[in-house]
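User: Please take a close look at one part of this model, the sheet that involves both chains, and place it in its surroundings. A connected account would be preferred to a list.

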Number of protein chains: 2
Amino acid sequence: MTCELVFVGTELLLGDILNTNAQYLSKRLAALGVSVVHQSVVGDNPERLAETLQIALSRSDAVLTTGGLGPTKDDLTKEVCAAVFGLALEPDARSLARITAFFENKGIEMPPSNAKQAMLPRGAVIFDNNNGTAPGCAMEKDGKHILILPGPPREMQAMFEESAVPYLKPFTSGVILSKEIRTFGIGESAMAQRVDDLLSLENPTVAPYAKSGEALLRVTAKAETAAEANALLAPVIGEIHSRLGDVIYGVDVPSMEAATVALFKEKGLTMATAESCTAGLVTKRITDIPGASEVLRCGFVTYAADTKEALLGVKHETIKAQTVVSEAVAAEMAIGAWKRSGASVAAAITGLAGPGPDETGRSAGLAYIASTDGKTVWTKAVQTGHAGGKGCRDYNRTVFATHVLNELRLFALFAPETRPGGQPIDYDVKDMTA
Amino acid sequence: MTCELVFVGTELLLGDILNTNAQYLSKRLAALGVSVVHQSVVGDNPERLAETLQIALSRSDAVLTTGGLGPTKDDLTKEVCAAVFGLALEPDARSLARITAFFENKGIEMPPSNAKQAMLPRGAVIFDNNNGTAPGCAMEKDGKHILILPGPPREMQAMFEESAVPYLKPFTSGVILSKEIRTFGIGESAMAQRVDDLLSLENPTVAPYAKSGEALLRVTAKAETAAEANALLAPVIGEIHSRLGDVIYGVDVPSMEAATVALFKEKGLTMATAESCTAGLVTKRITDIPGASEVLRCGFVTYAADTKEALLGVKHETIKAQTVVSEAVAAEMAIGAWKRSGASVAAAITGLAGPGPDETGRSAGLAYIASTDGKTVWTKAVQTGHAGGKGCRDYNRTVFATHVLNELRLFALFAPETRPGGQPIDYDVKDMTA
């Protein structure tokens with residue numbers, strides 16, 4: 001099956017929003033074995049939308065639209081799609097009841113304009129929206145299909161998975177399966193060099209990517225069945241494991257935080273954090289994972305220097321002698337968090353996120369991380385290489401936080417004597433003020 | 001001038017990369033007064049690319065392509081564009097010298113395949129690439145233009161600004177300016193209803209959007225000069241202000257956190273937080289804003305129930321009697337954070353992010369927020385209406401955090417006697433354990 005994507009929204013044409021739906025749908029349709037050979041963006045303009053749909057239907061089996069299902073007058077996707085297939089819109093009682101209930105749950109009355117969202121093309125397969133008000137739908141005419149999904153990514157993704165995938169399944173053949181091998185602590189080029197010969201394989205293919213300071217390999221196999229695809233993937237993934245070893249932190253895990261939380265759960269450990277420059281990003285990412293309450297006890301966001309002393313017991317002299325961004329302050333923050341949290345392991349970070357340098361002239365992109373279980377203290381200096389400029393603050397904070405998560409993971413994974421890369425620092429934990 | 005964007009690359013169709021070029025170019029072209037009414041994505045396939053170009057040229061004055069300028073066999077954009085205009089490719093000596101020098105600077109010999117990048121359409125205006133090897137170009141035939149830019153965003157953006165903008169300038173007239181009016185605490189439909197008649201204005205246009213629990217209006221004016229565009233915008237924005245009043249938290253501010261941090265700076269106030277369900281997201285968002293160190297003192301992420309007692313002094317009996325997700329616990333968390341932080345205002349949140357219900361059977365989407373300056377305590381119960389399902393946890397946490405930021409903002413904005421919506425709760429701050 002071939003499918004074209006049509007994204008409807010003047011906000012896309014004006015560049016007001018980034019079209020993340022394009023990537024999501026392209027990736028998912030490829031995995032389903034649906035061939036996407038065209039994507040288009042048009043505004044909320046009925047003539048241009050109709051023309052775009054006609055062209056798309058003339059060359060593809062299906063068209064999938066997102067956007068333009070809102071309650072306002074300029075939301076016209078459903079109307080135009082129905083007209084292209086010569087279908088009338090009719091009120092759908094079930095959808096209207098669901099929209100009314102959506103507002104009732106929020107304790108507000110449904111604005112009359114939302115009733116428009118329950119108008120659906122006659123004979124369409126209706127897609128429930130479990131995350132918003134606008135239902136989607138699918139319709140078929142002369143073997144051609146139009147699928148209509150809402151624009152907000154959260155609503156679109158859920159509806160795609162819950163309704164569009166089952167609708168499309170009977171028309172797809174074969175499967176494309178891919179696995180992501182996630183690494184940390186190695187650059188994309190260095191990773192790619194170690195598997196250079198595998199990058200020219202044809203089935204499965206092996207492709208390197210870099211994302212927010214992480215490098216990953218995507219291994220993709222095409223086959224008639226999932227079992228056959230997996231049989232193609234297994235030996236190549238095994239070979240990559242033997243080449244990359246410890247830098248791999250997970251295969252098909254969604255993120256470093258997911259890997260770290262899963263490992264702490266498995267080992268029955270708990271954690272605590274003390275964050276300065278990342279200021280909550282580490283605990284935010286840990287708690288993105290449902291069930292994080294089993295492992296996270298608490299976190300301290302000590303942004304002002306004096307709160308590191310007041311809340312964590314960092315010594316005034318240490319800050320004065322070493323500055324606030326130093327290995328010693330990170331170590332005392334970690335020990336302070338460990339003592340106050342009752343957690344098995346505590347990790348702390350202090351650093352320079354940017355955009356500007358600090359008062360001593362050190363550039364952004366530098367951070368010190370420490371972690372402790374009350375027995376040994378491990379530290380790590382991080383240099384991201386992003387010393388300023390647009391986006392440096394975001395990039396540095398993301399990479400810093402990933403390093404903190406990785407330090408927690410390494411603590412849970414290795415006994416002190418087997419942990420690769422360095423030695424714990426010499427620090428008398430008991431000597432710290434309580 | 002109307003311009004269509006054609007993005008060339010199989011990696012876009014497979015969803016392997018996010019098309020950030022689309023947003024960048026759309027935004028910049030709008031600002032230049034160039035009307036972008038269509039965008040397309042096609043793979044590295046000469047027939048489909050030629051067809052897409054023909055359609056685009058038939059309805060627009062100019063087509064701008066990105067991608068497909070690499071040294072490999074499947075990079076065909078220049079070849080196909082030249083063929084569509086009936087032009088031959090010729091070696092360009094200057095470009096070849098620049099590409100050779102690019103490799104020399106890196107201390108490596110130019111791979112022979114890169115010579116292909118110096119082949120350019122006869123008579124084209126050549127765009128130098130100061131950040132990579134592939135030059136771009138522009139060509140004109142019968143009043144229609146094709147502009148060709150490389151795919152990597154860094155190369156594309158620089159070439160667009162340095163070469164494409166000067167090329168397009170003579171054909172553009174006027175500017176498009178838009179302003180975002182951001183609201184909180186009102187749904188998109190309710191907001192749209194209050195300005196319903198303005199939504200059919202033609203210049204400026206007024207369009208409603210919803211994003212992560214916020215509703216906003218985008219007002220866009222087209223005029224000969226920026227001053228004239230601003231003169232068109234001003235009265236409409238004034239009218240919207242008079243209709244929406246207090247629910248507007250900013251015009252052309254990037255986010256609630258930016259508005260809140262700016263207000264605290266302006267008033268010389270500091271803040272602290274105590275977060276349970278959002279677990280650092282509030283402080284993360286505050287510190288996304290450079291210079292947040294002027295206003296944020298510290299934050300407590302008290303995820304495990306007993307850490308609310310140990311770190312914030314929440315009374316054990318309060319948790320036992322009211323459960324951990326309650327107005328009283330939020331109030332005691334806020335008071336505890338205020339006492340320990342030395343901040344002017346502290347805000348706290350405890351809630352159910354989901355995906356599942358709590359042990360008492362209450363659904364996700366419920367949170368209690370409290371804020372205090374040590375004199376009065378304000379509380380707010382939030383119901384997001386997202387009680388479960390994919391994405392509910394992310395959505396709830398985002399909306400919860402925005403509410404906390406808004407409560408801080410309201411605290412800084414109003415004296416207790418003028419603050420709209422309710423009364424402070426009756427809570428003896430001094431009575432709390434220190």
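**The sheet shared by chains A and B**

Analyst: In this predicted model, strand β13 (residues 271-275) of chain B runs parallel to β14(B), and five bridges join the two. Within this pairing, Glu275(B) has Val301(B) in β14(B) as its bridge partner. Val301(B) also faces the other chain, for Gly299(A) stands opposite Val301(B). That second pairing links strand β14 (residues 296-302) of chain A with strand β14 (residues 296-302) of chain B; the two run antiparallel and are joined by five bridges. Strands of a sheet pair through backbone hydrogen bonds, in either a parallel or an antiparallel manner.

Both pairings belong to an open sheet of ten strands with mixed pairing. Its order is β17(A)-β16(A)-β15(A)-β13(A)-β14(A)-β14(B)-β13(B)-β15(B)-β16(B)-β17(B). At the edges stand β17 (377-383) of chain A and β17 (377-383) of chain B, each of which pairs on one side only. On average, neighbouring strands of this sheet are turned by 10° against each other, direction ignored.

On the chain A side, helix α14 (residues 392-413) lies across β13 (271-275), β15 (345-351), β16 (366-372) and β17 of that chain. The helix runs at about 155° to β15(A).

The contact between the chains takes 63 residues from chain B and 64 residues from chain A. The side of chain B that touches chain A comprises 30 nonpolar, 25 polar and eight charged residues.

The packing of nonpolar residues can be considered next. The largest nonpolar core has 132 residues, and those with the most contacts inside it are Ala334, Ala346 and Ala348 of chain A together with Ala334, Ala346 and Ala348 of chain B. When residues up to four places away in sequence are not counted, Ala348(A) touches Thr273(A), Ala274(A), Ala330(A), Met333(A), Ala334(A), Ala337(A), Ile369(A) and Ala370(A). Apart from this core lies another, of 83 residues, among them Ala138(A), Leu12(B), Leu32(B) and Leu147(B).

A further sheet in chain A offers a point of reference. This open sheet of four strands has the order β10-β11-β9-β12, with antiparallel pairing. Its edges are formed by β10 (205-211) and β12 (248-251) of chain A; each has a single partner strand, so one side of each is left without a neighbour in the sheet. The twist in this sheet averages 25° from one strand to the next. Nine bridges join strand β9 (residues 175-183) of chain A to strand β11 (residues 214-223) of chain A, and the two run antiparallel. In this pairing Lys179(A) stands opposite Val219(A) in β11(A).

Another lysine of chain A, Lys116(A), is placed in the loop between α5 (93-105) and β5 (119-121). Lys116(A) counts as buried because 20 other C-beta atoms lie within 10 Å, and 20 or more is the cut-off for that class. Its C-alpha atom is 9.1 Å from that of Ala134(A), while the two residues are 18 apart in sequence.

Chain A as a whole sets the frame for these details. The chain has 14 helices and 17 strands, and its C-alpha trace spans about 80 × 55 × 40 Å along the principal axes. Of the 434 residues in chain A, 50% are buried. Among the contacts in chain A with a separation of 6 or more, 65% come from residues 24 or more positions apart.

Note on methods
Residues numbered from 1 in each chain as written. Chains lettered and ligands numbered in written order. Predicted model: local features only at pLDDT ≥ 70, side-chain atom pairs only at ≥ 80, totals over all residues. Contact = placed C-beta atoms within 7 Å. Nonpolar A, V, L, I, M, F, W, Y, C, P; charged D, E, K, R; others polar. Pairing = 2+ DSSP bridges. Core = buried A, V, L, I, M, F, W, Y, C linked by C-beta atoms within 7 Å. Buried ≥ 20, exposed ≤ 12 C-beta atoms within 10 Å, placed from the backbone. Axes fitted to C-alpha atoms, helices over the stretch in contact; angles between N-to-C directions.
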